[in-house]
Amino acid sequence: MPRAKFQTLTEQMFYTLLCLKDECYGMDILDKVPSMTNARVNIGSGTLYTLLEQFLEENMIKESKVEGRKRSYIITEKGKEMLDNEYNRILAQINDYKKAFGEEG
């Protein structure tokens, strides 16, 4: 059975939404993600704009400003909920890892 769309988020999805806690343009996201992850995560422009379109369709983000072809976005309550769910899923994985290696605490 296929997994539900956005049931879990890829790193690119997670960091795109995280960047949008503050209003920003797509180009800002392309700069912010490598900066916030010490270049561990990069997003190509094609991937980013595909994600932004999908997030818009799912009402996870909204356009906040349009200046010609330049658009800025911000996360919606639904997007924040998805980000929170992914954060909690990752924390649960960390706790499972710690339990498996006797590092409970």
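These legends describe close-up views of a predicted model.

**View 1. Helix α1 packs against helix α2.** Helix α1 covers residues 11-19, and helix α2 covers residues 26-36. Their axes lie 10 Å apart. The packing angle is about 110°. Angles of 65 to 115 degrees count as roughly perpendicular, and α1 and α2 are therefore roughly perpendicular to each other. The crossing of α1 past α2 is right-handed. On the α1 side, the contact residues are Tyr-15, Thr-16, Leu-18 and Cys-19. They meet Ile-29, Lys-32, Val-33 and Met-36 of α2. By class, this contact of α1 with α2 holds 6 nonpolar residues, 1 polar residue and 1 charged residue. Thr-16 is the polar one, and Lys-32 is the charged one.

**View 2. Helix α1 crosses helix α4.** Helix α4 spans residues 77-100. The axes of α1 and α4 come within 10 Å. They cross at roughly 130°, and the two helices are therefore oblique to each other. This crossing is left-handed. From α1, the contact uses Phe-14, Leu-17 and Leu-18. From α4, it uses Gly-79, Leu-83, Glu-86 and Tyr-87. By class, the contact of α1 with α4 has 5 nonpolar residues, 1 polar residue and 1 charged residue. Gly-79 counts as polar, and Glu-86 counts as charged. Leu-18 of α1 takes part here, and Leu-18 also belongs to the contact with α2.

**View 3. The buried residues of α1.** These are Met-13, Phe-14, Tyr-15, Thr-16, Leu-17 and Cys-19. Their packing partners include two helices, α2 and α3. Helix α4 is another partner. The strands β1 (24-25), β2 (61-67) and β3 (70-75) also pack against them. Among the buried residues, Tyr-15, Thr-16 and Cys-19 also meet α2. Phe-14 and Leu-17 are in the contact with α4.

**View 4. An aromatic pair in α1: Phe-14 and Tyr-15.** The model has 2 aromatic pairs. In this one, the ring centres of Phe-14 and Tyr-15 are 5.3 Å apart. Their planes stand at 85°, so the pair is edge-to-face. Both residues belong to the buried set of α1. Phe-14 has a relative accessible area of 15%. The value for Tyr-15 is 14%. Phe-14 contributes to the contact with α4, while Tyr-15 contributes to the contact with α2.

**View 5. A second aromatic pair: Tyr-97 and Phe-101.** The ring centres of Tyr-97 and Phe-101 are 4.8 Å apart. Their planes meet at 40°, so the pair is tilted. Tyr-97 is partly exposed, with a relative accessible area of 48%. Phe-101 is exposed, at 54%. Tyr-97 falls within the residue range of α4, 77-100.

**View 6. Positive phi at Asn-38 and Ala-39.** Most residues other than glycine have a negative phi. Asn-38 has a positive phi, near 55°. Ala-39 also has a positive phi, near 65°. Asn-38 is found in the loop between α2 and α3 (45-57). Ala-39 is found in the loop between α2 and α3 too. Asn-38 is exposed, with a relative accessible area of 75%. Ala-39 is partly exposed, at 49%.

Terms used:
Residues numbered from 1 in each chain as written. Predicted model: local features only at pLDDT ≥ 70, side-chain atom pairs only at ≥ 80, totals over all residues. Heavy atoms only, no water. Axes fitted to C-alpha atoms, helices over the stretch in contact; angles between N-to-C directions. Helix = DSSP H or I, 4+ residues; strand = E, 2+ residues; numbered from the N terminus. Parallel < 35°, antiparallel > 145°, perpendicular 65-115°, else oblique. Left-handed = near helix turned anticlockwise from the far one by under 90°. Contact = heavy atoms within 4.5 Å. Phe/Tyr/Trp six-rings, centres within 6.5 Å; stacked < 30°, edge-to-face > 60°. Buried < 20%, exposed > 50% of the residue type's maximum accessible area, 1.4 Å probe, protein only.
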